[in-house]
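Got the model open in your viewer? Grab the mouse and follow along, one selection at a time.

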Amino acid sequence: MQDKKVIVVGGSRGIGAGVVDKFVSLGAIVYYFSRNERKNTAKVIARNATHLNVDLYSANSILEGFNSYDSNENHLDILVNVAGINYC
């Protein structure tokens, strides 16, 4: 997995955070989507992963997240979706 480029959608906590941690430990270059950067800042530094502020309820926010990724990387090897969305 060394230097493989990964996006984890829903990587800020729970199973998603575990997925991020595992890819980082295997040497991947990891980006993860979540809504609240302030809650995740310490985790980003400790986990050596890059947070992209994305609200999955907004198509524009999702597009902006992928555009932000594209501005830093030239391809994507792995996309993992573990986001849980609740509709009330």
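## Stop 1: the whole chain

Colour by burial to begin: of the 88 residues in the chain, 35% are buried. Keep in mind that you're looking at a predicted model. Switch on a surface and you'll have about 5,600 Å² of exposed area on screen, with 50% of it supplied by carbon and sulfur atoms.

Now go to cartoon view. You should find 3 helices and 4 strands, laid out along the sequence as β-α-β-α-β-α-β. If you like contact maps, draw one: among contacts with a separation of 6 or more, 54% link residues 24 or more positions apart.

## Stop 2: the sheet

Select the strands and hide the rest. In what order do the 4 strands sit in the sheet? The order is 3-2-1-4, in an open sheet with parallel pairing. At the edges are strand 3 (50-53) and strand 4 (78-81), each of which pairs on one side only. Look along the sheet and you can follow the twist, which averages 20 degrees from one strand to the next.

As a reminder, strands of a sheet pair through backbone hydrogen bonds, either parallel or antiparallel.

## Stop 3: strand 1

Select residues 5-9, which are strand 1. How many of its 5 residues are buried? The count is 5 of the 5, so strand 1 is largely enclosed by the rest of the structure. Turn on side chains and check both faces: K5, I7 and V9 are on one side, V6 and V8 on the other, and all are buried.

Next, look at what strand 1 pairs with:

- Strand 2 runs parallel to strand 1, and 5 bridges join the two. Label K5 and you'll see I29 of strand 2 opposite; label V6 and its bridge partner in strand 2 is V30.
- Strand 4 also pairs with strand 1 in the parallel sense, over 4 bridges. Here V9 has N81 of strand 4 as its bridge partner.

## Stop 4: over the helix to strand 2

Bring back helix 1 (14-25) and trace the path onwards. Strand 1, helix 1 and strand 2 make a β-α-β unit, and the unit is right-handed.

Then select residues 29-34 for strand 2, which pairs with strand 3 in the parallel sense over 4 bridges. Two pairs are worth labelling: Y31 stands opposite T50 in strand 3, and Y32 has H51 of strand 3 as its bridge partner. Is strand 2 enclosed or open? With 5 of its 6 residues buried, strand 2 is largely enclosed by the rest of the structure.

## Stop 5: the nonpolar cores

In soluble globular proteins, nonpolar side chains tend to be buried together. To see the largest nonpolar core here, show V6, V8, V20, F23, A28, V30, Y32, A49 and V80 as spheres, 9 residues in total. Strand 1, helix 1 and strand 2 each supply at least two residues of this core. Apart from it lies another core, of 7 residues, and you can pick that one out in a second colour using I7, Y31, L52 and V54, which are among its members.

## Stop 6: A28 and its surroundings

Zoom in on A28, in the loop between helix 1 and strand 2. Why does A28 count as buried? Its relative accessible area is 10%, and the cut-off for buried is under 20%. Leaving aside its neighbours within four places in sequence, A28 is in contact with M1, D3, K4, V6 and F23. Try a distance label too: from the C-alpha atom of A28 to that of D77 is 9.8 Å, though these residues are 49 apart along the chain.

From that contact list, click on D3, which lies in the segment before strand 1. D3 counts as partly exposed, at 47% relative accessibility. Before you leave, check its backbone torsions: phi of D3 is near 65 degrees, a positive value in a residue other than glycine.

How values were computed. Residues are numbered from 1 along each chain as its sequence is written. This is a predicted model: local features need pLDDT of at least 70, side-chain atom pairs count only at pLDDT 80 or more; totals for chains, interfaces and linings use all residues. Side-chain values use heavy atoms; hydrogens and water are left out. Buried means under 20% relative accessible area, exposed over 50%, partly exposed in between (1.4 Å probe, protein chains only). Contact means heavy atoms within 4.5 Å. Accessible areas come from the Shrake-Rupley method with a 1.4 Å probe; for residues, only the protein chains shown count as cover. Two strands pair if DSSP finds at least two bridges between them. Axes are lines fitted to C-alpha atoms, for helices over the stretch in contact, and angles run from 0 to 180 degrees between N-to-C directions. A nonpolar core is a set of buried Ala, Val, Leu, Ile, Met, Phe, Trp, Tyr and Cys residues joined through side-chain atoms within 4.5 Å. A crossover is right-handed if, with the strands pointing away from the viewer, the path from the first strand over the helix to the second runs clockwise.
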